[in-house]
Amino acid sequence: MTSVVAVDLGKTGCRAVLWNSADSSRAVSSVAGAPGLAAPDGVAAARAAVRAAVEPLLGERDGSRPEAVLVGAAGAASAPAASRSLADALLDDLPVEEAAVTSDAVTAHAGALGGRAGVVLAIGTGSVAVGIGADGAYARVDGWGPLLGDDGSGARIGTAGLRAALRAHDGRGPATALLDAAAGLFGDLERLPAAVARDGNPARTAASFAPEVARLAEAGDDVAAVIVRDAAADLAETALAAAGRITCGGAPLPLAVTGGLTGLGPALMAPLTAALTGSGLPVRLTAPLGDPLDGARLLAVDRSTPRTSLVVRVRRTSPLPPLPTPATPPASA
């Protein structure tokens with residue numbers, strides 16, 4: 001089997017894994033993510049994150065070089081030129097014959113449905129739904145970033161929670177336990193705007209508050225509960241819009257939900273599941289077969305899937321750079 005490196009580059013985290021055989025153990029190298037390819041300096045930030053995640057993996061076993069690296073990157077769908085630039089840059093950085101870049105939603109789809117038609121709702125710091133029909137039709141819904149879209153995402157839930165905390169702090173909104181939770185996580189609320197912006201990735205910082213919003217919703221805080229229910233409704237609307245734009249040969253469409261936001265638990269997932277199953281559309285909820293890293297590997301080695309046209313691939317025309325010497329071993333996930 002071809003040796004490949006698969007990368008899942010999100011706005012919160014970047015994970016990479018080296019596959020040498022179908023049954024090889026997966027040591028996952030994890031580092032911080034990047035703001036997204038469409039962001040200012042998005043290519044440079046993505047390049048740095050991918051290098052930091054991939055380099056500890058190279059040469060760690062028998063010194064063999066992987067044939068290719070495939071990156072599923074947040075923001076790639078709306079920045080095709082940036083995707084090509086990132087692929088070109090990775091050929092300069094990494095000792096591979098081919099570098100490929102696609103949207104992290106595309107790798108999530110490939111991993112969750114294993115090449116089958118259907119819809120995948122990918123929810124993390126951002127949110128996007130990708131539908132691929134039996135006839136190869138492609139539909140992407142949302143994924144427009146925290147300013148213009150990503151409705152129901154971790155960034156939007158966290159931002160809504162922080163806004164509610166500040167409204168309570170000002171006396172403009174109802175009392176809520178979100179006030180104390182925000183102060184506990186970020187410190188003095190008078191300095192909250194600076195705290196959210198300080199690391200250059202405000203969407204990721206806001207999303208870090210989403211688990212607190214979900215926890216307080218579960219505990220019975222009315223303000224937090226409304227925020228989470230509204231997010232579930234937004235996410236269901238996104239997934240169902242993608243389902244309405246594709247077909248599955250007359251059969252119900254498989255629909256999988258994947259991403260870190262699923263870890264918020266019943267506060268989010270119960271109303272989301274109810275909205276999806278009660279929609280009246282011919283969709284069938286299914287558990288994901290794999291994760292975006294599985295999808296990135298599939299797309300790296302198999303060009304026969306309908307998603308191949310969504311991948312930017314660049315082949316090497318210059319000599320290979322030397323294998324890097326890893327400074328630290330990969331973190332196991």
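A pocket, as the word is used here, is an open set of grid points with protein on both sides within 12 Å along at least five of seven lines, and its lining residues are those with an atom within 4 Å of a point. The views below are all taken from a predicted model.

**View 1. The second largest pocket and the residues that line it.** The second largest pocket, with a volume of about 220 Å³, is lined by D151, G152, R156, I157, T159, A160, R163, A164, I227, D230, A231 and D234. Helix 5 (154-170) and helix 10 (222-243) each contribute at least two residues to this lining, and the largest share, six residues, is supplied by helix 5. By character, the lining of the second largest pocket divides into five nonpolar, two polar and five charged residues.

**View 2. An open sheet of six strands.** The six strands are arranged in the order 3-2-1-4-5-11, and their pairing is mixed. Strand 3 (28-32) and strand 11 (312-315) stand at the edges with a single partner strand each, so that one side of each has no neighbour in the sheet. Neighbouring strands of this sheet are turned against each other by 15° on average, with direction ignored. Within the sheet, strand 1 (residues 4-9) and strand 2 (residues 13-19) run antiparallel and are joined by six bridges; V5 stands opposite L18, which belongs to strand 2.

**View 3. K11 and its contact with D150.** K11 lies in the loop that leads between strand 1 and strand 2, and because its relative accessible area is 13%, below the 20% under which a residue counts as buried, K11 is classed as buried. The side chain of K11 makes a polar contact with the side chain of D150, at 3.5 Å. This partner, D150, is found in the loop between helix 4 (145-148) and helix 5, and with a relative accessible area of 2% D150 is buried. The phi angle of D150 is near 55°, which is a positive value in a residue other than glycine.

**View 4. The loop residue D41 and its positive phi angle.** D41 is placed in the loop between strand 3 and helix 1 (42-54), and its phi is near 60°, a positive value in a residue other than glycine. Since residues over 50% relative accessible area are called exposed, D41, at 65%, counts as exposed.

**View 5. The largest cavity and its lining.** The count of cavities of 30 Å³ or more comes to one, and the largest cavity has a volume of about 30 Å³. The residues that line the largest cavity are L9, G10, A34, G36, L37, A46 and A74, and they divide into five nonpolar, two polar and no charged residues.

**View 6. Helix 12, which is mostly covered.** Helix 12 spans residues 292-301, and seven of its ten residues are buried, namely P292, L293, G295, A296, L298, L299 and A300. At the start of helix 12, a side-chain oxygen of D291 reaches to within 3.0 Å of the backbone nitrogen of L293, and L293 is itself one of the buried residues of this helix.

Methods:
Residues numbered from 1 in each chain as written. Predicted model: local features only at pLDDT ≥ 70, side-chain atom pairs only at ≥ 80, totals over all residues. Heavy atoms only, no water. Buried < 20%, exposed > 50% of the residue type's maximum accessible area, 1.4 Å probe, protein only. Helix = DSSP H or I, 4+ residues; strand = E, 2+ residues; numbered from the N terminus. Polar contact = N/O pair within 3.5 Å; in protein donor to acceptor, adjacent residues only side chain to side chain. 1 Å grid on protein atoms, 1.4 Å probe; cavity = no way out; pocket = protein on both sides within 12 Å on 5 of 7 lines; lining within 4 Å. Points joined across faces, edges and corners; volume = space filled by probe spheres on them. Nonpolar A, V, L, I, M, F, W, Y, C, P; charged D, E, K, R; others polar. Pairing = 2+ DSSP bridges. Axes fitted to C-alpha atoms, helices over the stretch in contact; angles between N-to-C directions.
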